[in-house]
Amino acid sequence: MSSKSVGSDSTATPSAVPAFWPLAMANDMLQQGLELYARNAKFVEEEIRIHDDLRPELATPSRLRLDLRTMALREYGQQGKGIPTLVNAPYAGHTAMIADYHQGQSLVETLLANGIDHVALTDWKSATADMKDLEIDDYLAQLVVAIDDLGGRVNLVGLCQGGWTSAMIAARFPEKVNSLVLAGAPIDTDAGDGPIKRMAHASPMAFYEDLVKLGGGLMPGKFMLQGWKNMHPEQHYIQSHIDLYEHIDDPAYLAKEEVFESWYENPLDLPGRWYLQAIRLLFKENRLAKGDFIALGRRLNLKTITCPTYLLAGAGDDITTPEQVLDAAKYIGTPAADIVQQTVPGGHIGLFMGARTLKEYWPGIARWIAGRG
């Protein structure tokens, strides 16, 4: 009876017959092996794409206003409507994409959507071998050229390392700056107790000079990128790869990851002389806050900054601790009533390209800027 039933059952499969179980198991293992191989190959392909093939791109269509040796000045919105707002992107290893990251998640886009009609952006260039001896003064001079080309007076938004150069311009040429926003900007580098401060003071100048020698007179972006990753090694060397592998079949995750990594994994090279000046004069000797920094032939006094000023810090920022930003209020000459100090949740990068900060805080900052002409 049972043998007849089996013989007449047209739906029976080899895996239903005990004698075929080893064969079925081997077939399943083969299929799983092929799927695992395909998944691993896709993971490797994506790793190569992220680390070698992607390049940063600004999200918002712009016009090239100036093409200078150190930067491209990019322009958004409408000319001739009020005082332009110049966003001074960091020149610290990563591109200006930090200010125009992604459609729907862009500082430039946020400014344009909240009362600012005319925005310009400093898109700093990676230094080449012939630029190795350029100094801080060279970059300040070209920033002045950009401001003058925009009409000679701007609302200046300094992000991170773009903040101390913006403060220098506001102190050296106060008539050129209508209002000043310093976001995640190290003005008082002796304040707080962040890892960058500790590293700057613990490592002798010879260490930084040797890095520049290894770079042939430049500070290679890849050296700085390695240093940033070493601040959070478990995230960059372990967790990020695990996350990518786990989401390798998620197109939305991959698209988001590729946008970020196109920016993060493609740092700029810096002139060695510029870099060593910044380390010694700003981060070791804190000359800007102390009033001992010489810029374009004049000693800078932050008290000459009297324009309305907005100071923005990240509560969890371990690159520029909140004190390094907010302490600027102690040094500048702006009346207390015209200084806004704000600390927002999150870390350093999130100040400029975090979705929450762009949605909840920057619209108010944009309206504050627009309200000042």
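Start by selecting Cys160, which sits in the loop between β5 and α5. This is a predicted model, so keep that in mind as you click around. Cys160 has a positive phi, near 50°, and is not a glycine. Is Cys160 buried or exposed? Buried, because its relative accessibility is 7% and the cut-off for buried is under 20%.

**Zoom out**

Now show the whole chain as a cartoon. The protein has 17 helices and 12 strands. Colour by accessibility and you'll find that 50% of the 373 residues count as buried. If you like contact maps, take the contacts between residues at least 6 apart in sequence: 79% of them join residues at least 24 apart.

**The sheet**

Select the eight strands of the open sheet, in the order β1-β2-β4-β3-β5-β6-β11-β12; the pairing is mixed. At the edges are β1 (63-67) and β12 (339-344), each of which pairs on one side only. Going from one strand to the next, the twist averages 20°.

Next, pick β6 (residues 177-183) and β11 (residues 309-314). These two strands run parallel and are joined by four bridges. To see one partnership, put Val181 on screen with Tyr310, its bridge partner in β11.

Add helix α5 (residues 161-172), the one that follows the Cys160 loop. Helix α5 packs on the sheet and touches β3 (85-88), β5 (154-159) and β6, with a direction at about 145° to that of β5. Then bring in helix α17 (residues 362-370), which lies across β3, β5, β6, β11 and β12 and runs at about 165° to β6.

**Strand β4 and its partners**

Hide the helices and select β4. How many of the residues of β4 are buried? Seven of its seven. In a regular strand the side chains alternate between the two faces of the sheet. Here both faces are covered: on one side look for His118, Ala120, Thr122 and Trp124, and on the other for Val119, Leu121 and Asp123, all buried.

Now add the flanking strands. β2 (residues 71-77) runs antiparallel to β4, with seven bridges between them. β3 runs parallel to β4, and three bridges join the pair. Leu121 is a handy landmark here: Leu121 is the bridge partner of Arg74, and Val87 stands opposite Leu121 as well.

**Follow the aromatic rings**

Stay on β4 and show the side chain of Trp124. The whole structure holds nine aromatic pairs. A pair of aromatic rings is described by the distance of the centres and the angle of the planes. For Trp124 and Tyr139, the centres are 5.6 Å apart and the planes are at 50°, so the pair is tilted. This pair links distant parts of the chain, with Trp124 in strand β4 (residues 118-124) and Tyr139 in helix α4 (residues 136-149), 15 residues apart. Both Trp124 and Tyr139 are buried.

Extend the selection to Tyr91, Trp164 and Trp274: ring pairs link them with Trp124 and Tyr139 into a cluster. For a side trip, pick Phe173 and look for Lys176, which lies over the ring face at 5.8 Å from the ring centre.

**Helix α11 and Thr189**

Trp274 leads you to the next stop, as one of the buried residues of α11. Select helix α11 (residues 272-284) and you'll see that it is mostly covered, with 11 of its 13 residues buried. The buried set also includes Leu282 and Phe283. After α11 comes Asn286, which has a positive phi, near 55°.

Now select Thr189, in the loop between β6 and α6 (195-202). Thr189 counts as buried because its relative accessible area is 3%, against a cut-off of under 20%. What does the side chain of Thr189 reach at 2.6 Å? The backbone oxygen of Leu282. The Thr189 side chain also makes a polar contact with the side chain of Asn286, at 3.0 Å. Leaving aside neighbours within four places in sequence, Thr189 is in contact with Lys197, Leu282, Phe283, Asn286 and Gln324.

**Last stop**

Finish at Leu296, in the loop between β9 (294-295) and β10 (298-299). Leu296 is not a glycine, yet has a positive phi of about 50°. With 25% relative accessibility, Leu296 counts as partly exposed.

Conventions
Residues are numbered from 1 along each chain as its sequence is written. This is a predicted model: local features need pLDDT of at least 70, side-chain atom pairs count only at pLDDT 80 or more; totals for chains, interfaces and linings use all residues. Side-chain values use heavy atoms; hydrogens and water are left out. Rings of Phe, Tyr and Trp (its six-membered ring) pair if their centres lie within 6.5 Å; planes under 30 degrees apart count as stacked, over 60 as edge-to-face and the rest as tilted. Buried means under 20% relative accessible area, exposed over 50%, partly exposed in between (1.4 Å probe, protein chains only). A charge sits over a ring if NZ of Lys or CZ of Arg is within 6 Å of the ring centre and within 35 degrees of the ring normal. Two strands pair if DSSP finds at least two bridges between them. Axes are lines fitted to C-alpha atoms, for helices over the stretch in contact, and angles run from 0 to 180 degrees between N-to-C directions. Contact means heavy atoms within 4.5 Å. A polar contact is a pair of N or O atoms within 3.5 Å; within protein, one must be able to donate a hydrogen and the other to accept it, and residues adjacent in sequence count only if both atoms are side-chain atoms.
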